[in-house]
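This report describes a metal site and a sheet with its flanking helices. The sequence and the structure are shown below.

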Amino acid sequence: MKISYHGHSVVKIETEGKTILIDPFITGNQLTDLKVGDVKPDVIILSHGHDDHVGDTVELAKKHNSLVIANFEVATYLGWQGVKTHGMHIGGAYQFDFGRVKLTQAFHGSSFETEDKQLIDGGMPAGILFMNEGKTIYHAGDTGLFSDMKLIGERHPLDVAFLPIGDNFTMGPEDAAYAAQLLKAKIVVPMHYNTFPPIKQDPHKFIQLLEAQNGQVLQPGEYLEI
Ligand code: NI
Ligand code: MN
């Protein structure tokens with residue numbers, strides 16, 4: 001399985017011939033190495049309904065007939081825009097033909113902004129567990145630190161965990177380092193930093209804060225092969 005990082009919270013998983021894209025924020029993402037015209041996801045998984053996560057989902061999904069997996073509210077809303085969706089919710093897992101997906105809790109918001117300044121409810125934000133080829137990847141989405149991360153790691157021994165470290169909207173480096181201790185993933189990769197001024201962080205400082213965990217900074221385009 002090949003897992004690549006593409007700036008902000010964009011993660012691409014390639015497994016058994018399928019391409020799965022998590023939180024494909026490409027247009028307007030100054031840090032990403034991806035181009036909307038070049039990615040061909042079979043599947044898009046969304047952690048929550050914020051622009052810097054939903055990103056180019058509708059355009060990509062329509063163009064490539066990708067399946068969009070998200071919480072029920074986000075899936076319903078995007079389904080109305082002509083996208084093929086599969087709604088799930090926190091605590092639920094589903095076995096797809098490309099792997100198993102489970103949504104986990106996250107402490108954050110989730111909404112869509114309309115042009116006439118309304119907020120459309122995007123349900124509860126989530127973290128994402130992706131399991132295939134005997135490996136488990138955790139993408140925490142946007143979240144603050146919570147003690148049940150320990151439970152996630154106990155129930156699903158993690159090979160790789162992507163954790164937000166940007167602070168302001170999510171955990172900062174210190175809390176994310178504590179989260180890494182709770183999760184006990186084999187490899188921890190920081191995400192959701194440096195995209196906007198309020199989330200400027202040095203990811204190497206986060207790595208230094210890790211105690212027993214193996215942290216790895218991935219530059220946009222870099223990948224892990226597990
Ligand atoms: Ni968010
Ligand atoms: Mn975000």
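## Nickel site

In this predicted model, the nickel ion (ligand 1) has four protein donors, namely His 48 (NE2), His 50 (ND1), His 108 (NE2) and Asp 142 (OD), which lie 2.2 to 2.3 Å from the ion. Along the sequence, the spacing of these donor residues is H-x1-H-x57-H-x33-D. The angles among the 4 donor atoms range from 84 to 176 degrees, and the site is irregular.

His 48, one of the donors, has a relative accessible area of 1% and is therefore buried, the cut-off being under 20%.

## Neighbouring manganese ion

The manganese ion (ligand 2) is 3.1 Å from the nickel ion (ligand 1). Asp 142 coordinates both ions.

## Open sheet

An open sheet is formed by 7 strands with mixed pairing, in the order E6-E5-E4-E3-E2-E1-E15. Strand E6 (85–88) and strand E15 (223–225) are its edge strands, each pairing on one side only. On average, neighbouring strands of this sheet are turned by 20 degrees against each other, direction ignored.

Strand E5 (residues 67–71) runs parallel to E6, and 4 bridges join the two. Val 68 has Thr 85 in E6 as its bridge partner.

## Helices across the sheet

Helix H2 (residues 57–64) lies across strand E3 (18–22), strand E4 (43–45) and E5, and runs at about 160 degrees to E4. Helix H3 (residues 72–79) lies across E5 and E6, at about 140 degrees to E5.

Notes: Residues numbered from 1 in each chain as written. Chains lettered and ligands numbered in written order. Predicted model: local features only at pLDDT ≥ 70, side-chain atom pairs only at ≥ 80, totals over all residues. Heavy atoms only, no water. Donors = N, O, S within 2.8 Å, 3.2 Å for Na, K, Ca; no water. Tetrahedral: all angles 85-135°; square planar, octahedral: opposite > 155°, others 65-115°. Buried < 20%, exposed > 50% of the residue type's maximum accessible area, 1.4 Å probe, protein only. Pairing = 2+ DSSP bridges. Axes fitted to C-alpha atoms, helices over the stretch in contact; angles between N-to-C directions. Contact = heavy atoms within 4.5 Å.
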